[in-house]
Amino acid sequence: MTQPNFADMSDTELRAYVLQNPNNTEAFHAYVDRLHAANPDPRLMSIEEAEAELERRVNQGQK
């Protein structure tokens with residue numbers, strides 16, 4: 001079976017493909033590589049910072 005061309009897929013399509021094909025490591029790596037390219041320097045948070053950010057986002061949605 002041939003692999004689809006992951007480069008031709010949108011982010012949404014690739015994510016859906018990965019979710020539907022959890023054992024396809026090539027698709028998973030393509031998706032993670034794409035996520036990393038979009039945000040090459042992610043900021044790590046403490047648990048307290050993550051809880052505060054989550055609360056801020058929940059409250060923002062209730063306005």
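The following conversation goes through the helices, core and contacts of a predicted model.

Visitor: How many helices and strands are there in the protein?
Guide: This is a predicted model, in which local features need pLDDT of at least 70 and side-chain atom pairs count only at pLDDT 80 or more, while totals for chains, interfaces and linings use all residues. Residues are numbered from 1 along each chain as its sequence is written, and side-chain values use heavy atoms, with hydrogens and water left out. Helices (H or I, at least four residues) and strands (E, at least two) are DSSP runs numbered from the N terminus. The elements run α-α-α from the N terminus on, and the count is three helices and zero strands.

Visitor: What radius of gyration does the protein have, set beside that of a compact globule of 63 residues?
Guide: The C-alpha atoms fill a box of roughly 45 × 25 × 20 Å along the principal axes. The radius of gyration is taken over C-alpha atoms, and the globule rule is 2.2 Å times the number of residues to the power 0.38. A compact globule of 63 residues would come near 11 Å, but the protein has 16 Å.

Visitor: Which residues form the largest nonpolar core?
Guide: A nonpolar core is a set of buried Ala, Val, Leu, Ile, Met, Phe, Trp, Tyr and Cys residues joined through side-chain atoms within 4.5 Å, where buried means under 20% relative accessible area, exposed over 50% and partly exposed in between (1.4 Å probe, protein chains only). Of the 63 residues of the protein, 14% count as buried. The largest nonpolar core has seven residues, namely Phe-6, Met-9, Leu-14, Tyr-17, Val-18, Ala-27 and Tyr-31.

Visitor: Why do the buried residues of H1 line one face of the helix?
Guide: In H1, Leu-14, Tyr-17 and Val-18 are buried. Seen down the axis of H1, with the arc being that of the directions from the helix axis to the C-beta atoms, these buried residues line one face because they fall within an arc of 100°.

Visitor: Which exposed residues does the face of H1 turned away from its buried side carry?
Guide: The buried residues of H1 pack against H2. Gln-20 lies in helix H1 and counts as exposed at 63% relative accessibility. The face turned away from the buried side carries the exposed residues Thr-12, Leu-19 and Gln-20.

Visitor: Is the pair of Phe-6 and Tyr-17 rings stacked, edge-to-face or tilted?
Guide: Rings of Phe, Tyr and Trp (its six-membered ring) pair if their centres lie within 6.5 Å, and planes under 30 degrees apart count as stacked, over 60 as edge-to-face and the rest as tilted. By this rule the count comes to one aromatic pair. The centres of the Phe-6 and Tyr-17 rings are 5.5 Å apart and their planes stand at 55°, so the pair is tilted.

Visitor: With which side chain does the side chain of Asn-24 make a polar contact?
Guide: Asn-24 is found in the loop between H1 and H2 and counts as buried at 14% relative accessibility. A polar contact is a pair of N or O atoms within 3.5 Å; within protein, one must be able to donate a hydrogen and the other to accept it, and residues adjacent in sequence count only if both atoms are side-chain atoms. A polar atom of the Asn-24 side chain lies 3.1 Å from the backbone nitrogen of Glu-26. The side chain that makes a polar contact with that of Asn-24, at 2.9 Å, is the one of Gln-3.

Notes: Contact means heavy atoms within 4.5 Å.
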